[in-house]
Amino acid sequence: AELQTVRHLLADASMTMSENAQATMALEQDYEGAMEELRTAKQSWQAADMSLKVQSETVERLNSQVSQLTEELRIARDTISEWRTKAEDLHVKLERMSGGA
């Protein structure tokens with residue numbers, strides 16, 4: 001009877017070890033899947049981060065160009081205003097000259 005009990009206990013232990021091995025394999029597979037998802041997410045994040053950096057640099061460059069063009073436009077407007085004033089002055093002088101003749 002003791003031998004039967006020992007055999008029964010060994011069979012139970014063997015079954016439990018097999019179940020544990022299967023559960024461990026399933027956990028390892030889940031772990032590897034999660035790690036792969038994490039690697040993929042990390043690569044995606046890195047790509048998004050690089051894209052954001054490139055876009056930020058582009059925005060900075062465009063802002064600089066807008067500032068430069070705004071300054072050039074201001075200078076051009078000032079020049080036009082000066083010429084307009086000179087033209088008006090000359091027009092007034094011509095009217096005086098033609099009116100006095």
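**Notebook: charged side chains in helix α1**

I began with Asp78 and Arg74, which both sit in helix α1, four residues apart, about one turn of the helix. The model I was reading is a predicted one. The side chains of these two residues, Asp78 and Arg74, meet in a salt bridge, with N to O at 2.7 Å. I then looked up the exposure of Asp78, and at 35% relative accessibility Asp78 counts as partly exposed.

Next I asked which residues are joined with Arg74 into one network by salt bridges that share partners. Glu71, Arg74 and Asp78 make up that network.

I turned to the Glu71 side of the network. Glu71 forms a salt bridge with Arg74, and the closest N and O atoms are 2.6 Å apart. How far apart are Glu71 and Arg74 in helix α1? I noted three residues, and because of that spacing Glu71 and Arg74 are separated by about one helical turn. For accessibility I wrote down 36% for Glu71, which counts as partly exposed. Arg74 has a relative accessible area of 40% and is also noted as partly exposed. I added the reason for the label: the range between 20% and 50% counts as partly exposed, so the 40% of Arg74 falls in that class.

I moved on to Glu36 and Arg39. Their side chains meet in a salt bridge, 3.1 Å from N to O. Both residues, Glu36 and Arg39, lie in helix α1, which covers residues 2-100, and they are three residues apart, about one turn of the helix. Are these two side chains buried, exposed or in between? Glu36 is partly exposed, with a relative accessible area of 41%. Arg39 is partly exposed as well, at 40%.

As a general reminder, I wrote that side chains of opposite charge can pair when their charged atoms come close.

I then checked the total. How many salt bridges does the count come to? The count comes to four salt bridges. Those I entered here include Glu36 with Arg39, Glu71 with Arg74 and Asp78 with Arg74.

Last, I looked at the aromatic rings. The count of aromatic pairs comes to zero. I did find a charge placed over a ring: Lys86 lies over the face of Trp83, at 4.8 Å from the ring centre.

Notes:
Residues numbered from 1 in each chain as written. Predicted model: local features only at pLDDT ≥ 70, side-chain atom pairs only at ≥ 80, totals over all residues. Heavy atoms only, no water. Helix = DSSP H or I, 4+ residues; strand = E, 2+ residues; numbered from the N terminus. Buried < 20%, exposed > 50% of the residue type's maximum accessible area, 1.4 Å probe, protein only. Phe/Tyr/Trp six-rings, centres within 6.5 Å; stacked < 30°, edge-to-face > 60°. Lys NZ or Arg CZ within 6 Å of the ring centre and 35° of its normal.
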